2 protein chains.
Amino acid sequence: MEGTPTSRAERRRRTEERILSAARAIFAERGFQRTTIRAVAAAAEVDPALVMQYFGSKQDLFDQAVRIPSIPPLDGELEPVEELLGRIGMKMGPLPEATLAMMRSMLTHPDAAEEVRGKLDGQVAHLADAIGTGDAELRAALMVSTMLGVTIAHQLLGLTALRGASPERIAEALRPSLRALADG
Amino acid sequence: MEGTPTSRAERRRRTEERILSAARAIFAERGFQRTTIRAVAAAAEVDPALVMQYFGSKQDLFDQAVRIPSIPPLDGELEPVEELLGRIGMKMGPLPEATLAMMRSMLTHPDAAEEVRGKLDGQVAHLADAIGTGDAELRAALMVSTMLGVTIAHQLLGLTALRGASPERIAEALRPSLRALADG
DNA sequence: CAATTCACTCAACGGCTGTTGACTCAACGA
DNA sequence: TCGTTGAGTCAACAGCCGTTGAGTGAATTG
């Protein structure tokens, strides 16, 4: 009926995306070590060997599945602290699976640890520039660490007191705390 | 020369402690999954089978090595927020290896996750009582999450900006932020 | 001293894992 | 139409892991 609904290139594209999607989900749920090529393949309804053939190794699969689009934080235009405080809510909402996978693995997978550390160091430097005064770097690091801790407690650990709270309420309650760090 | 420097009971006690110590160190450094009975045995200079014989299973070894003395938080006497803020410094200093092992594993080992979640929930409830007003539980949870985040960033991830900072400086910089959460 | 207990070792099993190479067969190009 | 490409499968290998059971020899007990 249709003229080739499944070209070879199309099929390949879709299968690759199915594998990447399954990988993201399972990496986010179980972390790097406990994620199995076989489990990813099963979730993608594909033979395990195909995953290897397409992505080379488990580590390569992790790299490609979990690579974050990495929206550069508006380089050049120095985002003021105020606007960052306004964005808190977004960071509390449902995060991309790639980010969750990274965070899930960062304490037990050295590569993930280095990747996250690098990204956080970048955020710290960016924030410290916007703050400027005295021990800006330390306070910026504490702001980033705070966001990290709340995200972990909320999304990864599921602290009881946070499980029912909406991103907006969390962001609102958190704002004075972060402002106290941003100022002196 | 000496009269029985090594009684049977003594030898056993020391060997057990050697195994537990090695287990704590490796669990803290690599987390549950990546820790090998063989690696623990090697570090304790003992046959892997002996670890099994003494502790039953890897999970049991983890439980016993990582069990925290669990100083009850002075039940009965409601510790005021002020005193807790004073204790921040201690929590930033070198933590017991058992605690580090627990934290290292909490994102990838369900049992560790539940244990940590339970402990943190307890701290939240305790703190919320001391706060009292309005949405005390949410703000208490954010205080605990902040401490968690800073500890992770400092001890487990090694954020560059935090690596050179003394516990006292971190505690001092953090205090206004936590006070903002404790008040309205 | 003889019998027993027990700390400790040795060698192996069975399962799971990442990874590989040979194979099948439908889509493709000439 | 026919040879080639390439998506996808199948079966297996090799290594590591938790765990086990039989064994050894020194400390203990009577």
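The following exchange concerns a predicted model of two protein chains with two DNA strands, and the reasons for the terms applied to it.

Colleague: Why is A:Thr35 called buried, and where in chain A is A:Thr35 placed?

Modeller: A:Thr35 has 2% relative accessibility, and because the term buried applies under 20%, A:Thr35 counts as buried. The place of this residue is in the loop between α1 and α2 (37–43) of chain A.

Colleague: What makes the pair of A:Ile26 and A:Thr35 a polar contact?

Modeller: A polar atom of the A:Thr35 side chain lies 3.3 Å from the backbone oxygen of A:Ile26, and the cut-off for such a pair is 3.5 Å. Leaving aside neighbours within four places in sequence, A:Thr35 is also in contact with residues including A:Phe27, A:Arg30, A:Val40 and A:Lys58.

Colleague: Which residues come nearest to DNA strand D, and how do you know that A:Arg8 and A:Arg12 make polar contacts with that strand?

Modeller: Of the 22 residues around DNA strand D, those that come nearest are A:Arg8, A:Arg12, A:Tyr54, B:Arg38 and B:Lys58. For A:Arg8, a polar side-chain atom lies 2.8 Å from a base oxygen of the strand, whereas for A:Arg12 a polar side-chain atom lies 2.8 Å from a phosphate oxygen; both pairs count as polar contacts because the limit is 3.5 Å. At B:Ile37 a backbone N or O atom lies 3.0 Å from a phosphate oxygen of DNA strand D.

Colleague: Which parts of the strand D atoms within 4 Å of the protein belong to sugar or phosphate, and which elements supply the protein surface there?

Modeller: Sugar or phosphate accounts for 54% of those atoms of DNA strand D, and bases for the rest. At least two residues of the surface near the strand come from each of α1 (8–34) and α3 (48–55) of chain A, and from each of α2 (37–43) and α3 (48–55) of chain B. By class, the residues of that surface divide into 7 nonpolar, 7 polar and 8 charged.

Colleague: What makes B:Gln53 a polar-contact partner of DNA strand C?

Modeller: A polar side-chain atom of B:Gln53 lies 3.4 Å from a base nitrogen of DNA strand C, and therefore the pair falls within the 3.5 Å limit. B:Arg8 places a polar side-chain atom 2.8 Å from a base oxygen of DNA strand C, and A:Thr36 places one 3.1 Å from a phosphate oxygen. The elements that give two or more residues to the surface near this strand are α2 and α3 of chain A, together with α1 and α3 of chain B. Among the 22 residues that surround DNA strand C, the closest are A:Arg38, A:Lys58, B:Arg8, B:Arg12 and B:Tyr54.

Colleague: How many salt bridges and how many polar-contact pairs are found across the interface of chain B and chain A?

Modeller: The rule finds 0 salt bridges across that interface, although 9 residue pairs are in polar contact, with both residues at pLDDT 80 or more. The side of chain B that touches chain A receives the most from α9(B), with 13 residues, and its residues divide into 27 nonpolar, 9 polar and 8 charged.

Colleague: What is the area buried between chain B and chain A, and which atoms give 72% of it?

Modeller: The buried area is about 3,700 Å², and carbon and sulfur atoms give 72% of it. Of the area that chain B buries against chain A, B:Leu107, B:Leu138 and B:Leu157 supply 20%, more than any other three residues.

Key. Residues are numbered from 1 along each chain as its sequence is written. Chains are lettered from A and ligands numbered from 1 in the order in which they are written. This is a predicted model: local features need pLDDT of at least 70, side-chain atom pairs count only at pLDDT 80 or more; totals for chains, interfaces and linings use all residues. Side-chain values use heavy atoms; hydrogens and water are left out. A residue is near a molecule or strand if one of its heavy atoms lies within 4 Å of it. A polar contact is a pair of N or O atoms within 3.5 Å; within protein, one must be able to donate a hydrogen and the other to accept it, and residues adjacent in sequence count only if both atoms are side-chain atoms. Ala, Val, Leu, Ile, Met, Phe, Trp, Tyr, Cys and Pro count as nonpolar, Asp, Glu, Lys and Arg as charged, and the others, Gly among them, as polar. Buried means under 20% relative accessible area, exposed over 50%, partly exposed in between (1.4 Å probe, protein chains only). Contact means heavy atoms within 4.5 Å. Buried area is the accessible area (1.4 Å probe) that two parts lose on being put together, summed over both. A salt bridge is a side-chain nitrogen of Lys or Arg within 4 Å of a carboxyl oxygen of Asp or Glu.
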